[in-house]
Amino acid sequence: MQFPSVQKTQVVRTRASSRLGVSYLFFGLLLACSSSPPPSRYKGFVPPASVSTTVTMAAPAIDPELEIDLLAPFKTTPALLRTAHLNLLVHRPKAAIAATAEVLYGPVKPSSNEESFARYLRAEAYEQEGQPERGQYDRERADTLAIDLGLRRLLAGKPRPVAEEVPVVASPELAVQPRSAWKAAGPDRRNVEPMDPVRRVTIHHSAMYFRDTRPTTCAAQIQMIQRDHMSNRGYGDIGYHYLIDPSGRIWQGRELRWQGAHAAGNNNQGNVGICLLGNFMRGKKGQGPTSAQVQAMRRLVATVMLRFKFGPDAVFCHSDFKATDCPGALMEPVVAEMVRDLQRRSGRLADASAQ
Ligand SMILES: [Zn+2]
């Protein structure tokens, strides 16, 4: 039996000499089974073809570093998720996060099963990085989506995320950065109308890739949106009432006493516009909302609902009003989940407001 690359064989021998027998057997079996040669340095290497705990998280039969190497040419979801798992084994959380991102934000929408694995593995990677709170939302989503029994068991072994109980309590102390914090230009008073009684809220994204969390950069981004809205679109002020940056900071946009300009025409009446900074589309320039952003949105929406006494049925996406991609394919399920959650808790929310 000939290996195409002698050098790599030596790597196997030095790193895993004890498993050498197993490795030869492994490649031998693979060589015997595979019919069409994949574009790999090892003609016999066959990447995984499905996603499950038994396949994606199987104990490596060869040196994990070598398997990562062999998987590199394959950009399929099973190969990327296996790569993420192997990177966790060799303590490379950043590489694991990158592989899961290719699945979550790639051009093809992952299935629920695939997404559950991607989110679980990314949460594990954040934990390995010493930032478990960044993986909180991923873990929640994985928990919602997981159908694989092995994965369900792994998720059940972890304590429930703390944020689950915290977020939807509307808080009077909700911190909102004032307009002065981003040096807002004053509104053009001839070009704004008084707001009708608030009866609904609509979620948007800014449709520009943005992941900076520094206050000055976020402020500059909001200024730029205001300039665009006032100079290019002829609005009397920034169109949205609130903006949420990737760190979860909430910024005051147009004051609530003025009707917004975000949902087209009459749809703006009594409608609070909330824009999350970022481009939540699939594909190369897309990104997911951060978990801090999602938590801040949940708090803000719950607060507005309580203050103006309307229900979760009046929480919309921009795309509910017109044919638009806003707030993005990666955001719409998050909003839908928030609405379901608010519906489950609406009794408790009402209690909180009565106190
Ligand atoms: Zn929008």
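The paragraphs below follow helix α5 and its surroundings, and then the pairing of helices α7 and α8, in a predicted model.

Helix α5 covers residues 77–89, and its 13 residues reach 19 Å from the first C-alpha to the last, which is close to the 18 Å expected at 1.5 Å a residue. A residue is counted as buried here when 20 or more other C-beta atoms lie within 10 Å of its own, and by that criterion twelve of the 13 residues of α5 are buried, so the helix is largely enclosed by the rest of the structure. The buried set runs through T77, P78, A79, L80, L81, R82, T83, A84, H85, L86, N87 and L88. As for what surrounds them, these buried residues pack against α3 (53–56), α4 (64–71), α6 (93–104) and α7. Just after α5, the backbone at H91 takes a positive phi of about 55°.

Helix α7, one of the elements against which the buried residues of α5 pack, also packs with helix α8. Here α7 spans residues 112–128 and α8 spans residues 136–145, and the two pack at an angle of about 150° with their axes 8 Å apart. Angles over 145 degrees count as roughly antiparallel, and α7 and α8 are therefore roughly antiparallel to each other; the crossing of α7 past α8 is left-handed. On the α7 side the contact is made by S112, E115, S116, R119, Y120, R122 and A123, while α8 contributes D138, R139, R141, A142 and L145. Sorted by class, this contact has six charged, four nonpolar and two polar residues.

Technical notes:
Residues are numbered from 1 along each chain as its sequence is written. This is a predicted model: local features need pLDDT of at least 70, side-chain atom pairs count only at pLDDT 80 or more; totals for chains, interfaces and linings use all residues. Axes are lines fitted to C-alpha atoms, for helices over the stretch in contact, and angles run from 0 to 180 degrees between N-to-C directions. Helices (H or I, at least four residues) and strands (E, at least two) are DSSP runs, numbered from the N terminus. Angles under 35 degrees count as roughly parallel, over 145 as roughly antiparallel, 65 to 115 as roughly perpendicular and the rest as oblique. A crossing is left-handed if the near helix is turned anticlockwise from the far one by less than a right angle, and right-handed if clockwise. Two residues are in contact if their C-beta atoms, placed from the backbone, lie within 7 Å. Ala, Val, Leu, Ile, Met, Phe, Trp, Tyr, Cys and Pro count as nonpolar, Asp, Glu, Lys and Arg as charged, and the others, Gly among them, as polar. The expected span of a helix is 1.5 Å times one less than its number of residues.
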